[in-house]
Every structure is written in C-alpha cells, then in structure tokens.
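Here is a quick tour of a two-part question: how do the pieces of this assembly sit against each other? Have a look at the picture first, then read on.

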Amino acid sequence: MTNLHLLQAATVCYTLSVLAYLTQLMLHKSWLQRAALLLVSSGFLLQSSCLAWRWHLAGFLPVTNLFSTLFFFSWALAACYLYFELRYRIGASGLFVMFLNLLLLSVALRRDAAIPPLVAALDTPFFSLHIAFSFLGYALFAMAFSLGGLYLIQRFMPNRHLPDLSLLRKLNEEAIFLGFALFTLCLVIGAVWAYWAWGYYFSWNIKGIWSFLVWLFYAGMCHAKFIRRWQGTGYALLSIAGFGVVLFTYLGIGLLLDSNHPLE
Amino acid sequence: MVMRIWNLFCSLKLAIWLASIATLLLMGGSLLVPFNGRVFGSMDQVPFATWLSDTASKQLSLTWWFWLAALIMILFGLNTLCCFLDWLLHIRSRWRKAGEYLLHLGVVLVLLAYIWGSFGGWRNPGLQLRVGVPVALPQWPGHTLRLDEFTPLFSGTGPPQDMISQLTLLENNEERLSARVGINAPLLHNGLVITPVSFGQEPVGLRFAAPDGTRHELLSGGLLDLKNGSELRLLRFVADLQQRSDGSLYFRDDRLGVPAYEVHISYADGGSWRGWYLPTKGLPRQLKMAGFNLQPVAPVYQSYSVLTVNYDPGARLAAIGATLMTIGVLLALVSFYRKRTRQDRPEI
Ligand code: HEM
C-alpha cells in the first residue's frame, strides 16, 4: 500500500501557501506571510512523512521511477525553500520554487504511485545517495533561477516590497554554491558506484556528459561571482541559463533521447 | 616571460574562459553522440585513448569538437593546478580556504588519473568464462582467470537478483588471488576491476536413459565402459553440427540444433573407431557393435558467466582525488558562512 493521502494533503497545504504568498504580495499583511510559512512547513512535514512511509514500505529510498523522482524533487524543492525562508524570510521571493513544486506534484499525482521492485544493480546506498544529492543540488539550482529572475525584475522594475538587490545577489550566490557542493557529492558518489557496477567511473553517454556539464557550468559560476563585471545582472542571467542546462539534463535527455537514465 | 605564463595560468578569468568554451563545445558535440552510435558507441568499450586513435581520428568531421574540448580540459587542469600551487605558496595567509583548494587538487588528480587510465589501461567488456576453463587475459600476458563456480540467484521470475562468480586469478599458472564477484561487489586488485555483466546457458551434452531406467549425462571428455568390454571416449560435444554441400562439416553457434558427439571407441578385441555420433539421427553401426544401448532424453545445459575485466592504472589516484574533492567540498560547505561574514573573498 502506498498512502497518497499524506501527499495530497501536502499538495493542498503548498497550494494554499502559494495563494497566501500571492495575496501577501498585494496586501502586504505580515500575518499572511506567517500563515504561508506555517502552511509550507505543514506541507513539508506531511510530504516528509509520506516519503518516510514509502521508504519504510519499500525498504529502500523510493527514487526508481518517474513518480518517485518527481516526488523526491518536489520534496527537495520544499526543503530548499524552507531553508531560505527560515534563514532569510524570503517570502514570495521563492515563489517560483513553490510553483515548480506544485507543477511537479500535479504531474506526479496523475501517475502510478506503486513502488516497483528494486533492480539488483540499484540495491546499494550509493544509488540512494547519488539520487538524493542530485535532486538537492537541482532544487538549489531552481532556487538560484528563482532568485536570479527576481534580481532582474528588481533591477529593471524596482519594487519596494521585494528584497533589495544586494540581498538577492547574496542569496543567489549562496544557492549556487550550496547546489554546486551537493552536486559534486552526487557526481563523486555516482562515479564510485559506476566503477563498482561497470568497471569504469565515467561513462561517455549523453547523460554522463551533461551531468559533467552541469557541474562544470556551476563550477564556473562559483568563480564568476568574484569577477566584478559578472556580479549582479550577469550572475542572474547565468543562473537562469544554468537552470536550462539542468532541465535538459534531467528531463530533456530522458524524454527526448536514448539514454541509460530513461524516464518511464 | 615565465612569470607572465605563471600569472596567466593562475588567472581566474582564464579559468572562466576555458570552462565556458569547454562547456559550449561539449554541449553542441554531445548531441551528436546518440545519433552516431557507429562512432561513439564504442567509447565505453575501450580505453579513451584507444577510442581516440582507432575511431575518433578517422572520423574528424564528427569528432573535431572532442579533440578541442580535450585540449581545453587539459589547459583547464593546468590552470587549476597552478591555482592550487599559488595557494600553497600563500598558505600562511590563506589557510582558511583549505576546503576550496583540496577540491581544486582533487579535480586535478582525477583529471590526471583519467588520462593515465586512458593511456595505460585496457578494457575487456564481455569476457565469457566457463567453470573450470581458465581464460587468458589477452592484454596482460601471463595472467589467466578461472571461474571456479557460478551461481545466478533468482527471486521469482524476472531478472536475476545476483550473479555470483567465484574467480581465481592466476599468474604464470600460480594462483594469485581468489574472490567472489557479484552485482555491486566487484573484484578490485591493483587497478584491476572485475564486475558481472550477464550470463548465459549453453548445451554441453545430452542426458541418456539406459534400458534399466537409469539416467546418464554424457559430456565432453567423458568415458563410458560398455558391456562387452569396449570403451567409449567422448572427445567433444557440438551443439549443432551441419554439413556443407561438399560433405565437409561445420559447427553452428551454441544453440541446440543437430547435437553431435565426436567419439572414439576402443573395442575389446583391440580395434578402434573414431567418428561422429548424431543422437537425433540414429545409432552408427560401430556404436551398436560396441554394445551402446542408451537413448537420448534431454539436453544438459551449463551456465557461463559474462564479466567486465578492466584495468585502470589510474584508479587509485582517481580514488585519492575523489576523496580530496569530497573532503574539500565538505570543508568548504561548513566554512562558507563564516567566510562570508568575514567578507573573505577575492574581488577581481
Ligand atoms: C573544475 C575545476 C574547479 C572547481 C570544481 C572549482 C571549485 C571552486 C569552488 C567551489 C570554490 C569556492 C567558491 C566559493 O567560495 O563560493 C572555488 C574558489 C576559487 N577557485 Fe576554483 N574551481 C575550479 C577551478 C579553478 C581554477 C582553474 C582556478 C584558477 C584560477 C580557480 C581559482 C579559484 C579561486 C581564486 C577561488 C577563490 C578562493 C577564495 O575564496 O579565495 N578555480 N573554486
């Protein structure tokens, strides 16, 4: 049995929180922001419980089919949003991440939630860690995309209710650095696992190449912030472009091309 | 002059340029990979350097971007190494960046290890091993691999849960090491890595019924004492024996077709006969004379193991690099906020 009621309840909480943030953007009432945070936190707790339960039922971290990866990506997005919200009270600045979260959940909820039996090759903690770090990294890159977009809005259409440019820049750089660090762990673990399973640690397939590209791109971004000319607007644009690379690596390759990481 | 080159290779701007160009080249080029299996399909089957010399160099119109990207990655590696050395030279004032620079060193080591493995390593992506039959490792003279036991493990229907091969590595016929290899449980030994790929089953003989109801498996190399004092030696078993129009014989693949034994009979009176016995086509006169009276019942199958046997001299260096990267990233993570509070960052 895979109880999806928890996930449905989480989706309701997330939807209400997005509505609360949107209303807060218009009415600027601080209680609305508190309510929204409460709703996101409740949604996250519900979704975490659902994840824990499915993990318990399966006996392994369930991330082996499209439903489970959408679910896990959405959980990672909510975790990342909460981290920034609790630390910096970003409020509606992370709305894109919550929208993306809702989008993923709406696709996931229409798919078969049954947990498929684990293929022997995936029966290793390397696999669970590889996937967990990859989605946590992706979630932070999505956050950087959101903050980058907001930076551009604030830069060209200033709004006194949005965080100021220097804070947005700082948060964007933080999201990129954290995402890069987690993605590095994802690649290192994936490489060790590949060596154990196939006898080589780097595979020249399109998914392997693009994962390396994501890493190289964000490694470049970890340095671009030191160069004055790239700070601010340039960095925001790079964050947006980088997320395009991430989306292609996660979705495009699995859906459009033949790969050893297909999406079912 | 030397100083200028040193400064150039310590420059962050060069790093960003190189990373950007490599990224763009690999992005464009990689889209050719899934559509040109003939050229790119073998990239994981052979060491990278072999692929470059045997395949990529002959298909420059499809692979030029690869050469360029490889060159840029080498420059980038040098760039990263210089940055690391520059940090070492200034370690007294910059020790707080240890995390970042362990990461840099780790990247350089992994790159070096990959180049080393590409030139000094070899790959054997589908070595078939049969129980008890040592197979020489062609790229490693004097070394053979022997499969002592093979057990595929199933739980219900579907793919196997594991494929356990008990292996012995021999060097000049002396046993060097023995190990069990299974899914996610490779044999690792001084750069040698052995992992399971798949397995198959092949007919190795037939089961026969005797008039008294007992069953006998007749396999290659077997010896049978016949009633009237003759002796039947089974020289070999062939799964499918075919005859050409000119009468010559040839063996088709390992699937069961027209099974055949090449046999040698030593008669009690001292005579002998060597020839073919095709159980599905009836008993030859010579066998009948020797008192052979068994009826074929069913084929006997034996599993064989298919393994990847690779050698990568750089694997240990890569592991050191990966460890440094991991420690570096973790250190950089935990020190990130403290350094940010101190405004501890270069502005260029
Ligand atoms: C793939 C290769 C590389 C990776 C993965 C990498 C990664 C990183 C990371 C994660 C940081 C920390 C950023 C932060 O504090 O937010 C960093 C900092 C830095 N990197 Fe790299 N880097 C690479 C190559 C290079 C190269 C080629 C150079 C040469 C110029 C370089 C020079 C620097 C410098 C100067 C810093 C700043 C350190 C400081 O805060 O003082 N890196 N690198």
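A salt bridge here is a side-chain nitrogen of Lys or Arg within 4 Å of a carboxyl oxygen of Asp or Glu. By that rule, zero salt bridges turn up across the interface of domain 1 of chain A and domain 2 of chain A. Keep in mind that this is a predicted model.

**Inside chain A**

Let's start with the layout. Chain A is assigned domain 1 (1-118) and domain 2 (121-264), and their C-alpha centres are 20 Å apart. Each side brings residues to the contact: 27 from domain 1 of chain A and 27 from domain 2 of chain A. Although salt bridges are missing there, the rule does find three residue pairs in polar contact between these two domains. On the domain 1 side, α3 (66-88) and α4 (95-108) of chain A each supply at least two residues, and α3(A) gives the most, with 13 residues. By class, that side of domain 1 of chain A has 19 nonpolar, six polar and two charged residues.

**Where chain B meets chain A**

Now for the two chains. On chain B, 55 residues are in contact with 50 residues of chain A. How many salt bridges are counted between chain B and chain A? The count is one: Glu174(A) pairs with Arg340(B), with their closest N and O atoms 2.9 Å apart. Twelve residue pairs are in polar contact across this interface. Several elements of chain B each supply at least two residues to the side touching chain A, among them α2 (12-30), α5 (60-89) and β15 (295-311). The element that gives the most is α9(B), with twelve residues. Sorted by class, this side of chain B has 38 nonpolar, ten polar and seven charged residues.

Here are the two buried areas side by side:

| Interface | Buried area | Share on carbon and sulfur atoms |
|---|---|---|
| Domain 1 of chain A and domain 2 of chain A | about 2,400 Å² | 79% |
| Chain B and chain A | about 4,600 Å² | 69% |

**Inside chain B**

Chain B is assigned domain 1 (2-121 + 314-341), domain 2 (123-200 + 304-311) and domain 3 (211-293). The C-alpha centres of domain 2 of chain B and domain 3 of chain B lie 33 Å apart. There's a hairpin to find, too: strands β4 (residues 162-171) and β5 (residues 174-181) of chain B pair in the antiparallel sense over seven bridges. Within that pairing, Gln166(B) stands opposite Arg180(B) in β5(B). Two residues sit between the strands of the hairpin, and Asn172(B) takes a positive phi near 45°.

Notes: Residues numbered from 1 in each chain as written. Chains lettered and ligands numbered in written order. Predicted model: local features only at pLDDT ≥ 70, side-chain atom pairs only at ≥ 80, totals over all residues. Heavy atoms only, no water. Domains from an automatic or database assignment. Contact = heavy atoms within 4.5 Å. Buried area = accessible area lost by both parts, 1.4 Å probe. Polar contact = N/O pair within 3.5 Å; in protein donor to acceptor, adjacent residues only side chain to side chain. Helix = DSSP H or I, 4+ residues; strand = E, 2+ residues; numbered from the N terminus. Nonpolar A, V, L, I, M, F, W, Y, C, P; charged D, E, K, R; others polar. Pairing = 2+ DSSP bridges.
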